Amino acid sequence: MIYREAGQFKTTYAADQAIFPILQDRIFVALAVVGAFVIPVRFANEYWLQAVLIPFLIYALAALGLNLLTGYAGQLSLGTGGFMAVGAYSAFKLASAFPALNIVLVFLLSGLVAALVGVVFGIPSLRIKGFYLAVATLAAQFFLIWLFNKVGWFVNYAPSGTITAPPRTVFGVMVTGPDAAAGARYVAALAFVAVFALIAKNLVRGRVGRSWMAIRDRDIAAEIIGVRPLRTKLLAFAISSFYCGIAGAELVFLYLGSAETLAFDINLSFLVLFMVIIGGLGSVLGSFLGAAFIVLVPIFLTNVPHTVGLNLPVALAKQIELMIFGGLILFFLIVEPHGLARLWQITKEKLRLWPFPH
Amino acid sequence: MSAILEIADVSRSFGGVQAVQKVSVDIPRGEIMSIIGPNGAGKTTVLNMISGFYHPDHGRILLEGTDITHLAPSEIAKLRVARTFQNIALFSGMTVLDNLMLGRHVLMKSGVLSSFIYWGLAQREEVAHRKRVEDLIDFLKIQDLRRRPTGSLAYGLRKRVELGRALALDPKILLLDEPMGGMNQEEKEDMARFILDVNEEWGTTIILIEHDMGVVMDISDRVAVLDMGLKIAEGKPDEVRVNPAVVKAYLGETKTSEVRHG
Ligand SMILES: Nc1ncnc2c1ncn2[C@@H]1O[C@H](COP(=O)(O)OP(=O)(O)OP(=O)(O)O)[C@@H](O)[C@H]1O
Ligand SMILES: [Mg+2]
């Protein structure tokens with residue numbers, strides 16, 4: 001009975017259409033956001049920030065991007081790694097060509113470049129769907145990685161073929177480069193994902209999000225009510241790739257510090273897709289849950305057996321990890337396509353009725 | 001009689017099948033026009049050509065004097081022509097409310113940038129259109145279903161929600177492809193009532209495809225009869241009922257007449 005909507009009568013449609021119509025949800029989310037900004041920076045050690053929280057936030061942004069495209073607009077993509085690479089290499093080129101350009105702008109512009117590339121590779125979606133579209137986006141993935149490997153210009157002709165995050169500050173605080181503290185990088189990643197999660201929520205509850213879901217659910221009916229298929233799909237590709245592009249730039253600038261194309265290979269595409277499936281297709285919250293899950297499972301598998309005195313060989317832990325992911329993906333695809341987000345919702349519904357189960 | 005829609009000498013074939021042959025029908029503004037005929041007569045094909053899914057091989061379709069023969073479905077929706085499908089095409093993963101809001105898609109303007117921010121333009125627009133959608137929800141008596149995903153609804157209710165989505169466009173012309181197909185008697189009567197109310201309250205022109213002759217004769221102002229792609233009769237219900245060509249077409253088609261009485 002702690003969590004319930006009884007007595008909260010909505011008197012206006014605006015209130016009814018709010019992102020979190022229930023008061024407890026609003027309080028919870030507000031606390032979570034404030035807590036996320038304050039608590040880890042004060043209390044988390046370097047290991048937690050670097051190995052868990054920063055990658056979690058970056059993956060969450062990428063998963064959010066893919067979820068808009070696949071979960072909301074129904075367009076399956078295996079090109080996520082490629083679109084993230086476009087963001088990363090654009091950020092690298094922009095930051096080295098315009099050293100005075102604010103790093104926040106660099107990220108946003110890199111997102112725009114990725115959006116353009118996403119639109120180009122989204123064009124086949126007008127004609128092909130499902131499995132065939134997945135294969136077409138896979139081609140995009142391989143082409144983009146090949147391009148970044150092949151053309152020296154993208155890495156400023158560095159013989160090693162790596163791109164490196166240059167030192168840059170925001171409000172006088174170093175956020176990228178070798179001297180940037182983990183806390184600062186964490187806050188930067190958090191700020192981006194918080195803003196873009198809010199934007200995603202706004203998109204999916206309004207006209208644009210509805211038109212995506214219409215295309216996903218029944219494309220013929222979508223056309224009859226005036227949704228233009230090509231435009232709507234390309235918009236989904238653009239915005240999705242924008243998110244993924246920024247996540248890719250962050251991956252190098254806020255997390256890895258330097259990277260080669262290997263960091264963006266097909267495995268990354270699958271990893272982000274797993275996050276979306278496990279977290280919940282068509283759910284903003286699910287993107288976060290899925291990212292958290294995939295970041296935490298390997299850490300769990302390395303640490304827990306160790307603490308109970310069991311010594312798992314690294315290779316075996318890796319195998320178990322893959323088996324868990326594989327099993328869960330099958331489970332969610334077959335049993336609960338709405339993923340962890342749906343399980344969370346069911347829990348909330350139970351809470352709402354508690355302690356009376358009717 | 002001023003026609004809101006003129007179907008002029010329209011033909012369409014699929015491979016070797018001549019689905020519609022040189023059919024001409026004028027649809028008078030504000031009336032309920034039924035299109036009847038045995039299975040495979042070409043009725044759905046006519047609706048598909050009006051709504052832009054298929055384009056005729058020959059002939060023209062004029063909406064209020066403007067040629068719409070080759071427009072895309074989304075452009076025809078903008079001209080306020082709405083429709084329902086013979087085998088329901090709702091957005092099954094979305095709620096009733098979202099389905100109806102989608103019906104107003106072309107009447108809304110907010111694009112990506114205003115949606116990013118939401119507060120302001122996009123929100124005002126959502127609220128304004130929500131009001132109209134709520135009126136329709138009341139009209140169709142589906143208040144309890146607002147938040148239900150349409151995929152979870154019973155068949156008859158899904159048909160009703162699909163009518164709601166079409167009405168959400170505030171259509172000038174409403175195309176209904178067998179809105180009572182597969183319904184029981186009570187559901188049929190409700191649906192017939194809604195159709196009459198829409199026509200009377202908002203003056204909406206309605207083109208209705210229906211197999212139930214009782215309903216057709218009751219609610220139509222005019223009836224056009226297709227058989228094997230040809231228009232074999234047109235007129236007031238009483239005239240069409242006794243037309244020898246119509247009687248012959250129907251007597252020759254025992255299968256559909258069984259369905260009708262069953
Ligand atoms: N897309 C298509 N491809 C091939 N043939 C088609 C297509 N659409 C319709 N036809 C054919 O055109 C003819 C007319 O079909 P249509 O669906 O218009 O009939 P109908 O009068 O609506 O029949 P029913 O009462 O069974 O719904 C049929 O022979 C059908 O097989
Ligand atoms: Mg038909």
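Chain B has 11 helices and 10 strands, where helices (H or I, at least four residues) and strands (E, at least two) are DSSP runs numbered from the N terminus. Its radius of gyration is 19 Å, close to the 18 Å that the globule rule gives for 262 residues, so chain B is as compact as a globular protein of that length. The radius is taken over C-alpha atoms, and the rule is 2.2 Å times the number of residues to the power 0.38. This is a predicted model: local features need pLDDT of at least 70, side-chain atom pairs count only at pLDDT 80 or more, and totals for chains, interfaces and linings use all residues. Residues are numbered from 1 along each chain as its sequence is written, chains are lettered from A and ligands numbered from 1 in the order in which they are written, and side-chain values use heavy atoms, leaving out hydrogens and water.

**Chain dimensions and burial**

- The C-alpha trace of chain B spans about 65 × 40 × 35 Å along its principal axes.
- In chain B, 56% of the 262 residues count as buried. Buried means under 20% relative accessible area, exposed over 50%, and partly exposed in between (1.4 Å probe, protein chains only).
- Chain A has 14 helices and four strands. Its radius of gyration is 21 Å, close to the 21 Å from the globule rule for 358 residues, so chain A is as compact as a globular protein of that length.
- The C-alpha atoms of chain A fill a box of roughly 65 × 60 × 45 Å, taken along the principal axes.
- Buried residues make up 49% of the 358 residues in chain A.

**Magnesium site in chain B**

- B:Thr44 (OG1) and B:Gln86 (OE1) are the protein donors of the magnesium ion (ligand 2), at 1.9 to 2.2 Å from it.
- The two donors link distant parts of the chain, 42 residues apart. B:Thr44 lies in helix 1 (residues 43-50), and B:Gln86 in the loop between strand 6 (81-83) and helix 3 (96-103).
- Donors are N, O and S atoms within 2.8 Å of the metal (3.2 Å for Na, K and Ca); water is not among the atoms, so sites may look incomplete.
- B:Thr44 is partly exposed at 23% relative accessible area. B:Gln86 is partly exposed at 34%.

**Helix 10 of chain A**

- Helix 10 (residues 229-256) has 28 residues and reaches 38 Å from its first C-alpha to its last, close to the expected 40 Å. The expected span is 1.5 Å times one less than the number of residues.
- A kink of about 35° is centred on A:Glu250. The bend at a residue is the angle between axes fitted to the seven residues ending there and the seven starting there.
- The helix is mostly covered, with 23 of its 28 residues buried.
- Just after the helix, A:Gly257 takes a positive phi of about 85°.

**Aromatic rings**

- Over all chains, the structure holds 21 aromatic pairs. Rings of Phe, Tyr and Trp (its six-membered ring) pair if their centres lie within 6.5 Å; planes under 30 degrees apart count as stacked, over 60 as edge-to-face and the rest as tilted.
- B:Phe139 and B:Phe194 have ring centres 5.7 Å apart and planes at 55°, so the pair is tilted. B:Phe139 is in helix 5 (residues 121-139) and B:Phe194 in helix 7 (residues 185-202), 55 residues apart.
- B:Phe139 is buried at 14% relative accessible area, and B:Phe194 is buried at 6%.
- In chain A, ring pairs link A:Phe107, A:Phe192, A:Phe196, A:Phe242, A:Tyr243 and A:Phe253 into a cluster.
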